Amino acid sequence: MKDFRIAILGCGTIGGGTARVLLDNLEGFSRKAGRRLVLAGIVTRSPAKSARRYGIPRELFLGEGDELSPAQTAALIDRIVGSDDIDLVVETIGGDSDYLLGIALGVLGSKKHLVTANKALLSKHGNRIFEAAEKNGAAIGFETSVCTSIPIIRVMKESFVSDEVISVSGIMNGTSNYILSRMQEGGISFAEALAQAQEIGYAEADPGFDIDGIDAAHKLGILMKLAFGIDVATSDLQVMGIRDITAEDMALADDMDCSVKLICHAHRKDGRVYGTVRPMMVKRSNLLAQVSGATNAVKVVNKYSGENLLIGRGAGSLEGGSAVSSDIIFIARYGSAAVETHSPVLCDFRSLDDMEFPYNIVFDTEDVPGITGSVTTAIGNQNINIDTVGHNRHGKTTAVFSIATMPCTLAQLRLAVQEIKAKRPDILRTEPRVMPILH
Ligand code: HSE
């Protein structure tokens, strides 16, 4: 059988790891694919640096010199996209710009298979990319895009094909999980934990994507497409990150036998799909509460097989390279049989406002007679059932106490808080802090 020729665009963490894993295993991978795999070429802005960092022969990089200009790089990418001599392109440049979309569509339009780690691009333009793949008889692999080396994409697509997903929840950003774990275990502030994450190299100098929940939301969007067939824009997920989590939140969570985690959660109920990303208080009886450090975990609850939990490394060069290589072997082995049908599902999507969760609400109040009564009455007036009222932490003239509710919506809670403010404008010192509880 004809050789299967691979090009890599972008040679950073994942692209470099992919080249390294491929080069170390070409013979074995070729046996598994049933045809000879060839790494035909790599395009990157800094070939000399990438060659040194990942131990890749310089001659595998296209272009002359140590550094290429953006124009030279673009011309080489065009050459790969237009080449008749490449079967599969690995896109590990990253970003969701029109330029990147153009590369993905160009690869598929020229009937080459595409393996991409680009969760931002897939979550923004998934429909167009999947449509183009099907139309051109090309396959797409994106195992690395969600939780790197956890094989959740293949499991959702292949193993759970005979089941029905009821819910997907998980810890899908290792940097945030590391920060929250450090805060909970070490009793340190968010700023201190973030500094530690940056020192170790987990968080970027600009860690916004990680700590503001965007990276996690991209991953949840991809899993929602696989689980429920729907496309949800990141902006519809009412994403909240972890910047505002305090040491007090952690202490209150401890009191309730919970860990605070940045949770991606989506479920289907009565024909509707619900989804959001935000910090939640996870009961320690839930295995997700026990996932600490930079580890990722995805829990899928199915109609027939019940609870399934996958735990593993959500980042890393060789981890990513192994997941990309697994897509390459799969596509090389099955060829056109790996091409999928794209059929987007129209579905009623709802975000957090309409989603029922048990909530914990923390009230920071003036310590005057009757506050607990005013607060619990307003909550009852919204038909919210209270589970427990936590004990007061008294200051000289202040009291902080928490109320855990039975399942209700955020919209109901907002109305209760509005009523408290209207009837007792004197008692709330700050805006009540509200967090879903995940059992
Ligand atoms: N920065 C991500 C994380 C890994 O911290 O989990 C890549 O998505």
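Trainee: Where does the ligand sit?
Mentor: The ligand is in the largest pocket. Keep in mind that this is a predicted model.

Trainee: Which elements give two or more residues to the shell around the ligand?
Mentor: Those are α7 (174-186) and α10 (214-228).

Trainee: And which residues surround the ligand?
Mentor: Lys119, Asn173, Gly174, Thr175, Asp210, Asp215, Lys219, Gly314 and Ala315. By class, that shell has 4 charged, 4 polar and 1 nonpolar.

Trainee: What about polar contacts, say Thr175?
Mentor: In Thr175, a polar side-chain atom is 2.5 Å from a ligand oxygen. For Asp215, an N or O atom of the side chain lies 2.9 Å from an oxygen atom of the ligand. With Lys119, the distance from a side-chain N or O atom to a ligand oxygen is 3.1 Å.

Trainee: How much of the ligand does the protein bury?
Mentor: The protein buries 81% of the 260 Å² that the ligand exposes when taken alone.

Trainee: Switching to the pocket. How much space lies in it?
Mentor: The largest pocket holds about 1200 Å³. Its lining has 38 residues, and Thr13, Ile14, Lys119, Glu204 and Asp215 are the closest to the centre.

Trainee: How do the lining residues divide?
Mentor: Into 18 polar, 12 nonpolar and 8 charged.

Trainee: Which elements supply at least two residues of that lining?
Mentor: α1 (13-33), α5 (119-136), α7, α9 (208-211) and α10 each do. Of these, α7 and α10 also came up for the shell around the ligand.

Key: Residues numbered from 1 in each chain as written. Predicted model: local features only at pLDDT ≥ 70, side-chain atom pairs only at ≥ 80, totals over all residues. Heavy atoms only, no water. Near = heavy atom within 4 Å. Polar contact = N/O pair within 3.5 Å; in protein donor to acceptor, adjacent residues only side chain to side chain. Areas by Shrake-Rupley, 256 points an atom, 1.4 Å probe, with all protein chains shown as cover. 1 Å grid on protein atoms, 1.4 Å probe; cavity = no way out; pocket = protein on both sides within 12 Å on 5 of 7 lines; lining within 4 Å. Sits in = over half its atoms within 2 Å of the grid points. Helix = DSSP H or I, 4+ residues; strand = E, 2+ residues; numbered from the N terminus. Nonpolar A, V, L, I, M, F, W, Y, C, P; charged D, E, K, R; others polar. Points joined across faces, edges and corners; volume = space filled by probe spheres on them.
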